[in-house]
Amino acid sequence: MKKKILVTGGAGYIGSHTTLALLEAGYNVVVLDNLCNSSVKSLQRISTLCKIAPEFIQGDIRDRTLLDRIFTSHDISAVLHFAGLKSVGESVTTPLNYYENNVSGSINLLQAMKQAGVFDLVFSSSATVYGESKVMPIREDFPTGQPTNPYGRSKLIIEQILQDMAKSEPQWCIALLRYFNPIGAHPSGMIGEDPNGLPNNLMPYISQIAIGKLKKLSVFGRDYPTPDGTGVRDYIHVQDVAEGHLCALNAIRERNGVNIWNLGTGVGYSVLEIIKAFELASGRTVPFQVIQRRSGDIAECWAAPEKAAKELGWTAKRSLPEMMSDTWRWQQKSPNGYRD
Ligand code: NAD
Ligand code: WQD
């Protein structure tokens, strides 16, 4: 029987796109998700798209009994670990929740993996671990910085735990994938990002304005030392991010220890450029006002993608217009996300 990949958080935004890519590539997939920030509908839509259903277990990565049961009853060869809480603002108001879910949850998963003899792990990290880098583009060998919030710190702590663990137990083969700013949706418009309540991130906020659910974008600051004064980020299509996971999964088979790869395009766009690009793709106007900077934001952040290109044979292929039109298609097809 073919070995399986366990995908924690596989019903979520990036996890669902990656689960679909895994199924399409012929993997058997078991998804573990507690659905605290997602819906089982994403998995149903995946099944419609590729005519194969991932196995779904509704449960929590903090539940050790459940994890042990999953590892004994399935022949798992590797884990893609997406599960975790990701709202920066919420992490400031409920830090313990974030450390418990993200850090304790990850430790629990690692202990269960070790007991089961499963040592291949791909972990969802974030460019936030670089803190405020003075030098662009950001390479993987740059020192990590000081994340400005508990969410970012939880990612950095997990990275450090993985480093310590891999040093003492050389059988681990780990990929730390540091995502920059994933946006977009599957080109079918069937799966995409479905934020709970008011979106915190730029792309879903803009697309909800275009569909008429929100009125006006607040641009957080126009006095940054960037070409137009607004923040610059490395936006990357979620399909490219998903494909990066498949490449990392392959690569760690022959690479012990911790391997760090940026998943970014290497190109930064400003907030105003994103607004314009979305208006072009959607034919809708996105009204905005400039307000003060958002606390904790940095001026600019984009990746050096060369290490991933060289070692994974992976580069982001999809263009900015594609990111915009795929976001718009998803938003139009599912104006209320998975709540319809
Ligand atoms: P998401 O919230 O859509 O997906 C996370 C999934 O994990 C959700 O389905 C949620 O229900 C599940 N989950 C949360 N806590 C759980 C727990 N204790 N047990 C089981 N399931 C649990 O988020 P996403 O955007 O798909 O992000 C996936 C991962 O990538 C996260 O770890 C996130 O921190 C990381 N990341 C995301 C971004 C981004 O901009 N989206 C950037 C960098 C890193
Ligand atoms: C992008 C740009 C804002 C909203 C966050 C997390 C990070 C990572 C990805 C997980 C910035 C501006 C935004 C708005 C705006 N997540 N903006 N008005 O802040 O780069 O990264 O998501 O790891 O950890 O911090 O992404 O989409 O929130 O912001 O002007 O209403 O858009 O100031 O310049 P960010 P974002």
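Here are a few worked exercises on a predicted model with two of its ligands, some helix packing and a few backbone oddities.

**Exercise 1. Work out how helix 5 and helix 6 are oriented relative to each other, and which residues make the contact.**

Solution.
- Start with the geometry: helix 5 covers residues 95-116 and helix 6 covers residues 150-168, and their axes come within 9 Å and cross at roughly 20 degrees.
- Next, apply the cut-off: angles under 35 degrees count as roughly parallel.
- Helix 5 and helix 6 are therefore roughly parallel to each other.
- For the handedness, helix 5 passes helix 6 in a right-handed crossing.
- Now pick out the residues. On the helix 5 side, the contact uses Pro95, Tyr98, Tyr99, Asn102, Val103, Ser106, Ile107 and Leu110. Helix 6 brings in Pro150, Tyr151, Arg153, Ser154, Ile157, Ile158, Ile161, Leu162 and Met165.
- Sorting the residues of this contact by type gives 13 nonpolar, three polar and one charged.

**Exercise 2. Do the same for helix 7 and helix 11: find the class of their packing angle and the make-up of their contact.**

Solution.
- Helix 7 (residues 202-210) packs on helix 11 (residues 320-333) at about 55 degrees, and the axes are 10 Å apart.
- Check that angle against the classes: under 35 degrees is roughly parallel, 65 to 115 is roughly perpendicular, over 145 is roughly antiparallel, and the rest are oblique.
- So helix 7 is oblique to helix 11.
- The crossing of helix 7 past helix 11 is right-handed.
- From helix 7, Met203, Pro204, Ser207, Gln208 and Ala210 take part, and they meet Met324, Thr327, Trp328 and Gln331 of helix 11.
- Count by type and you get five nonpolar, four polar and no charged residues in the contact of helix 7 with helix 11.

**Exercise 3. Identify the residues that come nearest to ligand 2, then look for polar side-chain atoms beside its oxygen atoms.**

Solution.
- Ligand 2 has 18 residues around it, and Ser126, Tyr151, Ser218, Arg233 and Asp297 come nearest.
- Take Ser126: an N or O atom in its side chain is 2.8 Å from an oxygen atom of ligand 2.
- For Tyr151, the distance from a side-chain N or O atom to an oxygen atom of ligand 2 is 2.6 Å.
- Arg233 places a polar side-chain atom 2.5 Å from an oxygen atom of ligand 2.
- Remember Tyr151 from Exercise 1, where this residue is part of helix 6's contact with helix 5.

**Exercise 4. Now turn to ligand 1: which residues come nearest, and which of its contacts use backbone atoms?**

Solution.
- There are 27 residues around ligand 1, with Asp33, Asn37, Ser38, Asn101 and Tyr151 coming nearest.
- One backbone contact is with Gly12, whose polar backbone atom is 3.2 Å from an oxygen atom of ligand 1.
- Another involves Asn34, which has a backbone N or O atom 3.2 Å from a nitrogen atom of ligand 1.
- Asp60 works through its side chain instead: a polar atom there lies 3.0 Å from a nitrogen atom of ligand 1.

**Exercise 5. Track down a cis peptide bond and two residues with positive phi, and say where they sit.**

Solution.
- The bond from Met136 to Pro137 is cis, with omega near -10 degrees. Pro137 sits in the loop between strand 5 (120-126) and helix 6.
- Leu35 isn't a glycine, yet its phi is positive, near 60 degrees. You'll find Leu35 in the loop between strand 2 (28-33) and helix 2 (41-50).
- Lys51 also has a positive phi, about 60 degrees, without being a glycine. Lys51 is in the loop that runs between helix 2 and strand 3 (55-58).

Definitions and conventions. Residues are numbered from 1 along each chain as its sequence is written. Chains are lettered from A and ligands numbered from 1 in the order in which they are written. This is a predicted model: local features need pLDDT of at least 70, side-chain atom pairs count only at pLDDT 80 or more; totals for chains, interfaces and linings use all residues. Side-chain values use heavy atoms; hydrogens and water are left out. Axes are lines fitted to C-alpha atoms, for helices over the stretch in contact, and angles run from 0 to 180 degrees between N-to-C directions. Helices (H or I, at least four residues) and strands (E, at least two) are DSSP runs, numbered from the N terminus. A crossing is left-handed if the near helix is turned anticlockwise from the far one by less than a right angle, and right-handed if clockwise. Contact means heavy atoms within 4.5 Å. Ala, Val, Leu, Ile, Met, Phe, Trp, Tyr, Cys and Pro count as nonpolar, Asp, Glu, Lys and Arg as charged, and the others, Gly among them, as polar. A residue is near a molecule or strand if one of its heavy atoms lies within 4 Å of it. A polar contact is a pair of N or O atoms within 3.5 Å; within protein, one must be able to donate a hydrogen and the other to accept it, and residues adjacent in sequence count only if both atoms are side-chain atoms.
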